Structure formats: structure tokens, C-alpha cells
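Here are a few short exercises to work through with the structure open beside you. Try each task before reading its solution.

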Amino acid sequence: MKCILLILGITLMTINTNAQNLNREKIAEYEIALDDVMEIIGRDLVKSKLKEVEKVYQDNPTEINKVRLGLIYHEVALNLTFFHKTEEFSGYAQKSFNILKELQNNKKTIPELLLFIDTYKASALALMSGETRKLKQLSEAFDLFEGAVEKYAKFSPRPEFMRGSVAENLPWFMWKKRKFAKRDFQSIIEKHERNKDYAGFRLLSFTYWGWARAHKAKSFRKQALIYLERAIKIDPEYNAGRKRAEELRSEYLYKKIKS
């Protein structure tokens, strides 16, 4: 038993050490390279991007293109299976999970890419649980999120953002997991206030909207409206959370007038 615990401890130390040595500039570069296959707005754009990414990977099956394939399959599952029940796109969460798992298990995978791979693998598993109705998969997804947050949150807002986004879409009776929405969005905002380069405008816009959505109580209304205004201001071209932020702001202002 002591030997097993020692091996486990050494393994965890190795993982943490590897995470500590990540190159922030490379992470920023990959964030840009993967930006167009993350947080996609609109079903038509998702469909066209799916064809594009699959064609590029078929012609040039590089590591980065394989990651892009895993991420676009995740976006298909989110937009066309989870939010809009489109039969022909069922199973894409599993496809995403399989590709990302294969990349994760490959010892040659670039360490900085693992930040995105680990995070989206967890989210893909959560989406799978939505299709299969297996709560065990959802619990496993949150375990994976926990590992990704622990390893990568200081380098990128992506792990906390993805966990918070999954948490806010869970039903009310899963309150123990839903609490991560409040915690993760708050954590991202605090980190960004300390370092203005921490989060890009698209993710930050969605984060402000997510915080306001997760804090619906009247006692948070003033702060929620402040964050919604920020979400709108930093997204002038409606490329991120502006539309949703405007809708939620109108809802909150209406409630404020009625009260």
C-alpha cells in the first residue's frame, strides 16, 4: 500500500511539475490558433466550420489540426445536440471525447495544448452525460475539471470558464455542482483584475454574462448590472456575450422597475 501511495505521489508531482513549466507565450499563441473553434455563436456558423475543419484535417492531419477537430466536435455537440436537439448530430460529444482522449494519452502531445485538451475533454464528457442521462459521467467530468483547474487555471481562464459554463446549465437540484458557476466566474474576474492580459475579450464577455446569470438574487442585482454593462461594452461587434448580456440586462431592469 505504501509503495502504491508513493508511486501515486510521484506521478502527481510529475504532472504538477510539468504544468508549472508551461510556456505562457505558447499558450497565448494556441489560444489564438484555436479561437475560431471555441465559443462559436450560431448554428449555421458551427455547421460551416465543421466542414472546414474536417477538410483541413483530412488534407493535413497535424497535431494542432487534430485538436481543432476535437474542439469543433465539442461545439457541434453543444450547439446542435445540447441546446438544439438535432438528431443528425447526435454522438458528436463522444467523437470529441475520443479524439481528445487519444491526444491526452499521447506522450508526444505538446504540453501547452494539453490545457485545451484536458479542459474540453471534461466538457465533452459532461455533454455525453446529457445524451446518455448517466450521472456517473457527469461526476467524472467534474473530477476531470478539477484536475484541469488545479493544473492550468493560473495560466488560463479556460478551465474555470468551461466548468462554470457547464455548471450554470445544470438543473437546480444539482446545486452542489451549480455552485461552481458562481465560484469559477468570480475567480476569472478577480484574476483578470490583477492581470489585464489574463482573459481575452470574448471569454471575458461571456464570463461577465455568466456571473450575472449565476447571481440572480436581488441582493446581487447592482453588481450584476455592472458586469452586464462590461460584457456589452467589450463586445461591440456582437462576437461574444453581448446579445445575451443585453437580454439579461433588460430582464433585470424590468424586474427592478416592477419592484
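**Exercise 1. Is Asn79 buried or exposed, and which residues does Asn79 touch?**

Keep in mind that this is a predicted model.

Step 1. Asn79 has a relative accessibility of 9%. Buried means under 20%, so Asn79 counts as buried.

Step 2. Find its place: Asn79 belongs to helix H4, which covers residues 63-83.

Step 3. Leave out residues up to four places away in sequence, and the contacts of Asn79 are Ile40, Arg43, Val46 and His84.

**Exercise 2. Work out what span helix H6 should have, and set it against the model.**

Step 1. H6 runs over residues 111-132, which makes 22 residues.

Step 2. The expected span is 1.5 Å times one less than the number of residues, so H6 should span 32 Å.

Step 3. In the model, the end C-alpha atoms of H6 are 31 Å apart, which agrees with that expectation.

Step 4. Now look at the surroundings of H6: 18 of its 22 residues are buried, so the helix is mostly covered.

**Exercise 3. What is the sign of phi at Arg133 and at Tyr238, and where do these residues lie?**

Step 1. Start from the background: most residues other than glycine have a negative phi.

Step 2. Arg133 is not a glycine, yet its phi is positive, about 65°. Arg133 follows H6 and sits in the loop between H6 and helix H7 (135-152).

Step 3. Tyr238, also a residue other than glycine, has a positive phi near 60°. Its place is the loop between helix H11 (221-233) and helix H12 (242-258).

Step 4. Check accessibility. Arg133 has a relative accessible area of 68%, so Arg133 is exposed. For Tyr238 the value is 42%, so Tyr238 is partly exposed.

**Exercise 4. Describe how helices H8 and H10 cross, and which residues meet there.**

Step 1. The axes of H8 (residues 158-168) and H10 (residues 201-214) come within 11 Å and cross at roughly 40°.

Step 2. Angles under 35 degrees would count as roughly parallel, and 65 to 115 as roughly perpendicular. The two helices, H8 and H10, are therefore oblique to each other.

Step 3. The crossing of H8 and H10 is left-handed.

Step 4. From H8, the residues in contact are Arg158, Phe161 and Glu168; from H10, they are Leu203, Phe206, Thr207, Trp209, Gly210 and Arg213.

Step 5. Sorted by type, the residues of this contact between H8 and H10 are 4 nonpolar, 2 polar and 3 charged.

Key
Residues are numbered from 1 along each chain as its sequence is written. This is a predicted model: local features need pLDDT of at least 70, side-chain atom pairs count only at pLDDT 80 or more; totals for chains, interfaces and linings use all residues. Side-chain values use heavy atoms; hydrogens and water are left out. Helices (H or I, at least four residues) and strands (E, at least two) are DSSP runs, numbered from the N terminus. Buried means under 20% relative accessible area, exposed over 50%, partly exposed in between (1.4 Å probe, protein chains only). Axes are lines fitted to C-alpha atoms, for helices over the stretch in contact, and angles run from 0 to 180 degrees between N-to-C directions. Angles under 35 degrees count as roughly parallel, over 145 as roughly antiparallel, 65 to 115 as roughly perpendicular and the rest as oblique. A crossing is left-handed if the near helix is turned anticlockwise from the far one by less than a right angle, and right-handed if clockwise. Contact means heavy atoms within 4.5 Å. Ala, Val, Leu, Ile, Met, Phe, Trp, Tyr, Cys and Pro count as nonpolar, Asp, Glu, Lys and Arg as charged, and the others, Gly among them, as polar.
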